[in-house]
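Grab a pencil and work through a few exercises on one protein chain. Try each task yourself before you read the solution.

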Amino acid sequence: MNPSINATQPIAGQRPGTSGLRKKVAVFRQPPYLENFVQSIFDSLQGYQGQTLVVGGDGRFFNDQAIQTIVRMAAANGFGRVLVGRGGILSTPAASCVIRKHQAFGGIVLSASHNPGGPDGDFGIKYNIGNGGPAPEKITEAIHANTQSISRYLTLETPDIDLETLGSSRIGDTTVEVIDPVADHADLLATLFDFERIGRLLRSGGFRICFDAMHAVTGPYASEILVKRLGAPPASVINGRPLPDFGGGHPDPNPTYAEELILRMFGPDAPDFGAASDGDGDRNMIVGSRFIVTPSDSLAVLAANAHLVPGYAGGLAGVARSMPTSGAVDRVAEALGIGCFETPTGWKFFGNLLDAGKVTLCGEESAGTGSDHVREKDGLWAVLFWLDVIAARNMSVEQIVRDHWRRFGRNFYSRHDHEGVDAAAANGLMQQLRESLASLPGRTVAGLTIASADDFSYTDPVDGSVSTAQGIRIGFADGSRIVYRLSGTGTEGATLRVYLERFEADPAQHGIETQQALATLIAAADELAGIRQRTGRSVPTVVT
């Protein structure tokens, strides 16, 4: 069967970011927008003829239609085999797992992560390389360059494949295999954690959990692992059915958007352990009974307790965190005598460190944690890690965290998101900060003396690549800091993220409410950047 060669022309605005390309569904549904981008991916690759491609997504609206297009184009471009998750479903960490297990050439993941779905919602697409992780900048830049000059795309004129039935079929010379989207990932996680120990905890009747899948991709994974394999009651998983519009919700695992979970965990009959994951299953939120764990603290606690978990009992090679993530894990690394790396935001930066064996655990402040078992952050991995530690230590979530603070001190930490800000105003705010960096040290703001100010730059210790302008850091004489970044995860306007951190060694001060403990820094952040004046926002959209 000969491929159909379709004439096309470049479409503006197709630059992929660190998380791939994200636009409104309506944009992707406008032919040949999706086709152009997929062909631009294939045109940036070499040596894939006859190789395996993995395809799947988070089940959001347009996911199934996009997969049909991608499978036809993969066959027309010469891939020998395409593995597709049943129903078009593959969580992002599961896609990484499948790529690695089946030694695929790469994979296309369809997701806009934690962004809303539905006909009026968001859609996204990204390419993962053979190690299972996000494509590095040299590939994303090549993809972007191809979108600017594309003149044709290749496809086959064939009927849709049956995405609901496991098994193989043929499209031209290509074998298409619909696979169980859960099995490979669940089997891998079972090799890392003590399922027998966790199962005893969940079946004991004295320990109750609540996992909120937020009507996103992790529902089937949580039901298979937590309920079927570990024995938790079926009611332990809420909002477990993936829906194209995520039930009208915003699948972002934070206290603002996971409102149902928070109400349960702070209610009169609160479960002992709560967790949520996002649209594509790579982020997590951990909650104890009336106690929320910050992502930064979660990474530090997991690193400090990794020796209790079978998959990490031999010790950690090192740890890594994104620059905006708090320094809590740094003190754990120092105590363990292992390396600690600070990278820009974006999981691809961890990939080189993981592949080189320099780190075992890594995490971002945006609710993403993971390890060297895959090359993506992994929400259910974090949930199982916490449950294994709880079972081993026989302590509550709050007890474990407060014990950690007593040993290592507490990093009071918060992220303030100003979503949907006018892009020109947000860029102007960042530009003004950059222009003032040299003059800031020595200046006093809200009673705090600035000791340092820079725009974070990172030199990769593995390949020597340099990434600049990764976030403005303001350090104060007392060791506290403020970080400003513009996020590329949204599809409308800009999201200004402000990160606030203050270390407290005195256990007597650890019980202060977080926003109260950071009140001076919050005032300093606004005064320095003129957030209210420039954006018109008096309060953040989301506080985590």
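Below are four exercises, each with a worked solution.

This is a predicted model, in which local features need pLDDT of at least 70, side-chain atom pairs count only at pLDDT 80 or more, and totals for chains, interfaces and linings use all residues. Residues are numbered from 1 along each chain as its sequence is written, and side-chain values use heavy atoms, with hydrogens and water left out.

**Exercise 1. The whole chain**

Task: Work out whether the radius of gyration of the protein chain agrees with that of a compact globule.

Solution:
- Step 1: Start with the rule, which is 2.2 Å times the number of residues to the power 0.38, with the radius taken over C-alpha atoms.
- Step 2: For 544 residues, a compact globule would come out near 24 Å.
- Step 3: The protein chain has 23 Å, so the two agree.
- Step 4: For the overall dimensions, the C-alpha trace spans about 75 × 60 × 40 Å along its principal axes.

**Exercise 2. Helix α4**

Task: Find out how many residues of α4 are buried, and what caps its N-terminal end.

Solution:
- Step 1: Locate α4 at residues 92-101; helices here are DSSP runs of H or I with at least four residues, numbered from the N terminus.
- Step 2: Count the buried residues (under 20% relative accessible area, 1.4 Å probe, protein chains only). You should get eight of ten, among them C97, V98 and I99.
- Step 3: Look at S91, the cap: a side-chain oxygen of S91 lies 3.1 Å from the backbone nitrogen of A94.
- Step 4: Now go past the helix, where Q103 has a positive phi near 50 degrees.

**Exercise 3. S296**

Task: Decide whether S296 is buried or exposed, and list what it touches.

Solution:
- Step 1: Find S296 in helix α10, residues 295-305.
- Step 2: Check its relative accessible area: at 2%, S296 is buried.
- Step 3: Follow the side chain of S296, which reaches the backbone nitrogen of S326 at 3.1 Å.
- Step 4: Skip neighbours within four places in sequence, and S296 is in contact with T325, S326, A328, E365 and Y413. Contact means heavy atoms within 4.5 Å.

**Exercise 4. Helix α17**

Task: Work out where around α17 its buried residues sit.

Solution:
- Step 1: In α17 (residues 519-529), mark L521, A524, A525, L528 and A529 as buried.
- Step 2: These residues cover an arc of only 105 degrees around the axis, so they lie on the same side of α17. The arc is that of the directions from the helix axis to the C-beta atoms.
- Step 3: Just after α17, spot G530 with its positive phi of about 65 degrees.

Technical notes
Buried means under 20% relative accessible area, exposed over 50%, partly exposed in between (1.4 Å probe, protein chains only). Helices (H or I, at least four residues) and strands (E, at least two) are DSSP runs, numbered from the N terminus. A polar contact is a pair of N or O atoms within 3.5 Å; within protein, one must be able to donate a hydrogen and the other to accept it, and residues adjacent in sequence count only if both atoms are side-chain atoms.
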